[in-house]
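Trainee: I have a new structure to read. Can you take me through it and say how each label is earned?

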Amino acid sequence: METSTAAAGTGQGEKAPVPRGRRPAWLPWAVGAVAVLACLGLQSQLYSGQERTVTTVFMFVTLAVGWNLIGGFTGYACFGQVGFFGLGAYTTVVLMVHGDLSFWVAWPISAVVAAVFAAAIGLPLLRLKGHYFAVATLGVAEGLRELVTNVPRWTGGGAGITIPSTGAKAPTLWLGNDGFYLLFLGLGAVSALVAALISRGRTGYALRAINQDEDAAAALGINTTWAKTVAFGMSAALTGAAGSAYAFQQVTIYPERLFDVNITVLMVVMVVIGGSGTVSGPILGALGIAVVSEYLRQHFAQWHSFTLGVLIIVAVILLPQGLVNFVRDAVRMRDFSLLSNVRRYRL
Amino acid sequence: MTEPEATPPTAGTATDESPVLRTEGLERRFGGLLAVSGVDLALPPGRTLGVIGPNGAGKSTLVNLISGHLKPTAGTVHVGGKDLTGARPWRVAHAGVARTFQIVKPFRGLTVADNVAVAAMFGPSPVRTPAHARREAAQVLERVGLGGRGDVPPAELSVADARRLELAKALALRPRVLLLDEVLAGLRPAEIDPALRLIDELRRDGLAVLIIEHIIQAIAAISDEVLVLHHGTVLTQGPPRQVLSDERVVEAYLGHRYTRKNRS
């Protein structure tokens with residue numbers, strides 16, 4: 001996948017470059033903190049159906065931010081990301097059901113298992129580029145689904161498996177809608193924090209350099225294998241943690257739903273529309289898609305999927321670099337016209 | 001094989017005669033094609049070696065073999081006495097070898113300053129924080145003549161400035177060996193002289209410079225020694241004037257008809 005940054009080269013300054021205004025360093029942190037507080041305050045205003053919807057949005061924020069680490073920053077479009085989601089979920093289920101472990105122990109273990117698994121498959125797969133990497137990771141996710149389906153003694157197979165979450169046999173009592181709201185809010189906030197720290201630090205520079213030219217990155221002393229593996233591992237850890245929490249929230253899980261390729265597709269769409277390779281892009285993408293999708297579901301129930309699809313196509317045509325990158329370019333070039341944006345990207 | 005003593009030291013330059021870059025019997029095959037074969041070179045600090053040869057002679061392959069972007073099928077590469085044969089590019093960079101690419105490779109999503117800052121952050125003596133790296137980048141940009149252009153994206157640079165950026169990224173590594181792959185290509189005549197002066201300045205600072213170039217006069221002006229590659233092998237090697245008047249070199253470049261023998 002061409003990421004947003006790659007296309008910036010076509011913007012052969014029709015306008016004189018304007019020096020970028022430096023925003024205060026504390027501003028993004030303040031915005032993040034206010035957003036988290038606002039979400040905490042929002043909770044009491046929601047009835048339970050809305051609360052569950054918003055909880056799902058937080059989960060998709062985590063998933064989009066996670067995918068962005070490997071697909072956005074690094075430029076390795078992983079189409080098997082749902083594999084880490086399912087792996088995290090089933091690790092938690094196996095540990096809670098068969099190991100009788102508390103969710104609070106199983107949760108971090110699941111994230112680590114997903115990260116280690118990603119690093120292990122990353123060593124061979126991250127040598128592939130573009131479509132080859134995408135297809136290979138897709139294969140890994142499908143393989144994981146088959147594996148989970150075929151060991152029913154451990155996973156319940158296709159019939160699903162249920163985590164005991166009430167009564168004395170439950171390793172951890174179900175958290176309730178309020179509890180899961182806070183859990184996923186916390187996870188989303190931590191994911192955004194991780195992405196922000198990576199983006200500002202040396203690793204972020206290494207990943208962006210790799211994204212744009214791996215040979216040039218290596219020539220400047222970047223250990224590309226290590227950097228890519230770290231990004232893939234971090235990405236899988238966040239995704240696995242989300243899968244783990246989702247499994248506990250759902251109580252009963254099935255391989256078909258936990259390894260559903262549509263979940264990967266949603267992550268990719270959210271990142272691309274929001275602005276890949278940025279910190280805020282995936283968050284805004286996840287929020288935007290979720291809000292629009294929910295609105296359409298309520299008002300155009302029958303045409304919901306079709307309309308959402310059309311809107312996504314229009315968004316990608318008008319903002320091929322994603323919302324956040326568009327705004328950044330537009331501010332720099334002082335040109336907010338969507339038409340000239342499309343022209344710049346030569347679509 | 002060149003003995004460094006064969007070249008008279010350039011006036012006013014103190015050179016340490018032990019080579020910082022040495023290759024022996026360097027060879028690279030692509031299937032049936034022998035792109036580079038039996039290349040021995042020894043480059044001491046403070047010297048410039050010009051590598052010339054017709055298109056397809058193996059010049060860029062030679063740079064790629066030294067920088068680790070290609071693995072040799074035979075032969076060795078030593079940098080500062082350390083064996084780096086077949087080492088990954090980032091290891092070679094950490095050993096103090098910086099290179100530019102024939103086709104410039106800016107990181108298009110980063111500003112000019114951040115492009116250079118990446119090198120400062122990951123080189124042999126890395127600067128740990130991005131802020132510090134950007135300060136270092138500003139100095140390097142100033143040196144190559146890109147001062148004040150740090151905030152623009154590379155796409156807005158002219159051809160000459162894009163070449164300067166390529167050089168700035170290499171210099172921000174603080175290398176001991178600089179491999180320049182056609183760094184003058186696409187420059188206007190007026191832009192070539194300042195570039196040559198800068199390269200010569202770097203050599204005087206003690207860098208070992210290997211420069212690949214098509215512009216023969218430029219190579220002759222700044223090289224202590226010239227090596228001519230032809231069909232992947234060393235045709236001849238020596239001081240510029242001697243090499244450039246060599247009939248075999250004229251023949252390799254312009255064909256048999258243009259050698260003095262056949263013209264007269």
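Trainee: What makes β1 and β4 of chain B a pair?
Mentor: This is a predicted model. Two strands pair if there are at least two bridges between them. Strand β1 (residues 21-30) and strand β4 (residues 74-79) of chain B have 5 bridges. They therefore count as a pair by that cut-off. The sense is antiparallel.

Trainee: Which residue of β4(B) is the bridge partner of B:R22?
Mentor: B:H78.

Trainee: What is the order of the strands in the open sheet?
Mentor: The order is β2-β1-β4-β5 in chain B. The sheet has 4 strands with antiparallel pairing.

Trainee: Why do β2 and β5 of chain B stand at the edges?
Mentor: β2 (33-43) and β5 (82-83) each have a single partner strand, so one side of each has no neighbour in the sheet.

Trainee: What makes chain B as compact as a globular protein of its length?
Mentor: Set the value against the globule rule. The radius of gyration is 18 Å, and the rule gives 18 Å for 264 residues, so chain B is as compact as a globular protein of that length. Its C-alpha trace spans about 60 × 45 × 40 Å along the principal axes. Chain B holds 10 helices and 10 strands.

Trainee: How many of its residues are buried, as a percentage?
Mentor: Buried residues make up 50% of the 264 in chain B. The cut-off is 20 or more other C-beta atoms within 10 Å of the residue's own.

Trainee: Now chain A. How do you know that it is as compact as a globular protein of its length?
Mentor: By the globule rule again. The rule gives 20 Å for 347 residues and the radius of gyration is 20 Å, so chain A is as compact as a globular protein of that length. Its C-alpha atoms fill a box of roughly 70 × 50 × 40 Å. Chain A has 17 helices and 2 strands. Buried residues make up 47% of its 347 residues.

Trainee: What share of the contacts in chain A joins residues at least 24 apart?
Mentor: 78%, among contacts between residues at least 6 apart in sequence. In chain B, residues 24 or more positions apart account for 63% of the contacts with a separation of 6 or more.

Trainee: How do you know that the length of helix α8 in chain A is close to the expected one?
Mentor: Compare two numbers. α8 (residues 176-200) has 25 residues and reaches 36 Å from first C-alpha to last. The expected span at 1.5 Å a residue is 36 Å, so α8(A) is close to it.

Trainee: Which elements do the buried residues of α8(A) pack against?
Mentor: They pack against α2 (27-43), α3 (48-73), α9, α11 (224-250) and α14 (280-299) of chain A. Among the buried residues are A:F180, A:Y181, A:F184 and A:L185.

Trainee: Where does UniProt place the feature "transmembrane region" in chain A?
Mentor: The unreviewed entry lists several spans, including residues 25-42, 179-198 and 265-291. In the model, residues 25-42 are 89% helix, with end C-alpha atoms 27 Å apart. Residues 265-291 are 81% helix, with ends 17 Å apart. Neither 25-42 nor 265-291 has any strand.

Trainee: How many residues does each chain give to the contact between chains A and B?
Mentor: Chain A gives 28 residues and chain B gives 29. On the side of chain A, the largest share, 6 residues, comes from α9(A). By class, that side has 12 nonpolar, 10 polar and 6 charged residues.

Conventions
Residues are numbered from 1 along each chain as its sequence is written. Chains are lettered from A and ligands numbered from 1 in the order in which they are written. This is a predicted model: local features need pLDDT of at least 70, side-chain atom pairs count only at pLDDT 80 or more; totals for chains, interfaces and linings use all residues. Two residues are in contact if their C-beta atoms, placed from the backbone, lie within 7 Å. Ala, Val, Leu, Ile, Met, Phe, Trp, Tyr, Cys and Pro count as nonpolar, Asp, Glu, Lys and Arg as charged, and the others, Gly among them, as polar. UniProt positions are given in the numbering used here, feature names are shortened, and annotations may be inferred rather than shown by experiment. A residue is buried if 20 or more other C-beta atoms lie within 10 Å of its own, exposed if 12 or fewer, and partly exposed in between; C-beta atoms are placed from the backbone. The radius of gyration is taken over C-alpha atoms; the globule rule is 2.2 Å times the number of residues to the power 0.38.
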